[in-house]
Amino acid sequence: MLIRRPTDILPSEITSPELYRDRRRFLAQSTALALAAALPAGLARAAGQSLGPLAKSPYSIGETPTPYKAVTTYNNFYELGTDKADPAENTHRLKPAPWTLRVEGLVNKPRTFSIEELLKLAPLEERIYRMRCVEGWSMVIPWVGFPLASLLKLVEPQGSAKYVEFVSHYDRSTMTRGVLEWPYNEGLRLDEARHPLTLLAVGLYGEVLPVQNGAPIRLVVPWKYGFKGAKSLVTLRLTEKQPITAWMKAGPSEYGFYSNVNPEVDHPRWSQATERRIGEFSKRKTLMFNGYADQVASMYTGMDLRRFF
Ligand code: MTE
């Protein structure tokens, strides 16, 4: 039985009383921890297992996290189904362990990392981020992860590298066919990828990332629309040319490479000026760069954000 000292308790757990109310879930977590101690590395990690204690981050916002239930049952993960409820119901279609992440392309030290190696790469932090989906809804999610910059430093990007492409896992035998061109891929400019807000997430709410949220490792870029956050990553590729992303291929006039949250640039079929925070009744005004303008706006100085949408 795990007894936690008050200093081990995360702020997210305090702001989410449901974690404590749900006794069954707490017991399941304790059992998972006991199992983890008994299993070899790689087999041990399962959704619901605690990742704490975690370093707190100055990049966290002071807003109340969206309830765990909504974060883990209202998802976009088209490989596991196109309805919001599908990913949580189809978690058996993706096995998050064992898993490797390959970093290749224009780097001096290309390398394949196991999840265990990635977890040791930098101290895990809790980052409470505001997340905005291009569809017009938003959440506040207490992610657990480490800056992508610490991984990029290890592989030593070459001078000619200008972009990072992110490629998700795809298994045609178990996952959705059609809808998008698979595998799902995304991209960032190298300075965006190195920005301290850009996170590789391995958990949320202090626990191992559930499959429906992109287990075992996914990208989180809080000033961009949620679709930038490619889930269940298997490859990071450093390139000289701007990658063409899955959404750019699907709708080039609707989804651009930058995808910065911008209330002044509408999606061709709907306004982006407001959003519905999941769990709230009235709409909120969408903030420039999703409220992260002070930290990120300087990366886009002189760019026409209507053209580079
Ligand atoms: N990654 C993959 N591989 N497949 C997807 O369909 N959907 C994206 C993004 N990453 C998606 C993906 C979209 S549209 C959003 S809004 C976010 O994941 C949702 O992340 P969440 O379900 O963890 O909130």
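Which residue in S3 does valine 103 stand opposite? In this predicted model, valine 103 stands opposite arginine 111 in S3, and the pairing to which these residues belong is a convenient entry to the sheet.

**The sheet**

Strand S2, which covers residues 100-105, pairs with S3 in the antiparallel sense, and four bridges are found between the two strands. Threonine 100 stands opposite serine 114 in S3, and the two strands form a hairpin that has five residues between them. S2 also pairs with S11, but here the strands run parallel and are joined by four bridges; glycine 105, for instance, has leucine 238 of S11 as its bridge partner.

These pairings belong to an open sheet of five strands, in the order S3-S2-S11-S6-S7, whose pairing is mixed. Strand S3 (111-114) and strand S7 (185-189) are the edge strands, each of them pairing on one side only, and from one strand to the next the twist averages 20°. Helix H7, residues 148-155, lies across S2, S3, strand S6 (163-168) and strand S11 (233-239), and its direction is at about 135° to S3.

**Aromatic rings and charges**

A search of the whole structure finds 13 aromatic pairs. One of them joins phenylalanine 227 and tyrosine 255, whose ring centres are 5.5 Å apart and whose planes are at 85°, so the pair is edge-to-face. The pair links distant parts of the chain, since phenylalanine 227 is in the loop between strand S10 (218-220) and S11, whereas tyrosine 255 is in the loop between helix H9 (246-250) and strand S12 (274-277), and the two residues are 28 residues apart. Phenylalanine 227 has a relative accessibility of 10% and therefore counts as buried; tyrosine 255, at 10% relative accessibility, counts as buried.

Elsewhere, Tyr163, Phe257, Tyr258, Phe289, Tyr300 and Phe308 form one aromatic cluster. The ring of phenylalanine 257 also has the charged end of lysine 228 over it, and a charged end likewise sits over the ring of tyrosine 292, where the charge is that of arginine 130. The table sets out these two arrangements.

| Charged residue | Ring | Charged end to ring centre |
|---|---|---|
| arginine 130 | tyrosine 292 | 5.4 Å |
| lysine 228 | phenylalanine 257 | 4.4 Å |

**Two loop residues**

Glutamine 272 is placed in the loop between H9 and S12, and, because its relative accessible area is 2%, glutamine 272 is buried. The side chain of glutamine 272 reaches the backbone oxygen of valine 134 at 3.2 Å. When its neighbours within four places in sequence are left aside, the residues in contact with glutamine 272 are Arg132, Val134, Tyr225, Asn262, Pro263, Val265, Asp266, His267 and Thr286, a list in which valine 134 thus appears beside residues from other stretches of the numbering.

Serine 50 has its place in the loop between helix H3 (23-38) and strand S1 (55-56). The side chain of serine 50 reaches the backbone nitrogen of glycine 52 at 3.2 Å, while the relation of serine 50 to glycine 206 spans far more of the chain: the two are 156 residues apart in sequence, yet their C-alpha atoms are 5.9 Å apart in space.

Conventions: Residues are numbered from 1 along each chain as its sequence is written. This is a predicted model: local features need pLDDT of at least 70, side-chain atom pairs count only at pLDDT 80 or more; totals for chains, interfaces and linings use all residues. Side-chain values use heavy atoms; hydrogens and water are left out. Two strands pair if DSSP finds at least two bridges between them. Axes are lines fitted to C-alpha atoms, for helices over the stretch in contact, and angles run from 0 to 180 degrees between N-to-C directions. Contact means heavy atoms within 4.5 Å. A polar contact is a pair of N or O atoms within 3.5 Å; within protein, one must be able to donate a hydrogen and the other to accept it, and residues adjacent in sequence count only if both atoms are side-chain atoms. Rings of Phe, Tyr and Trp (its six-membered ring) pair if their centres lie within 6.5 Å; planes under 30 degrees apart count as stacked, over 60 as edge-to-face and the rest as tilted. Buried means under 20% relative accessible area, exposed over 50%, partly exposed in between (1.4 Å probe, protein chains only). A charge sits over a ring if NZ of Lys or CZ of Arg is within 6 Å of the ring centre and within 35 degrees of the ring normal.
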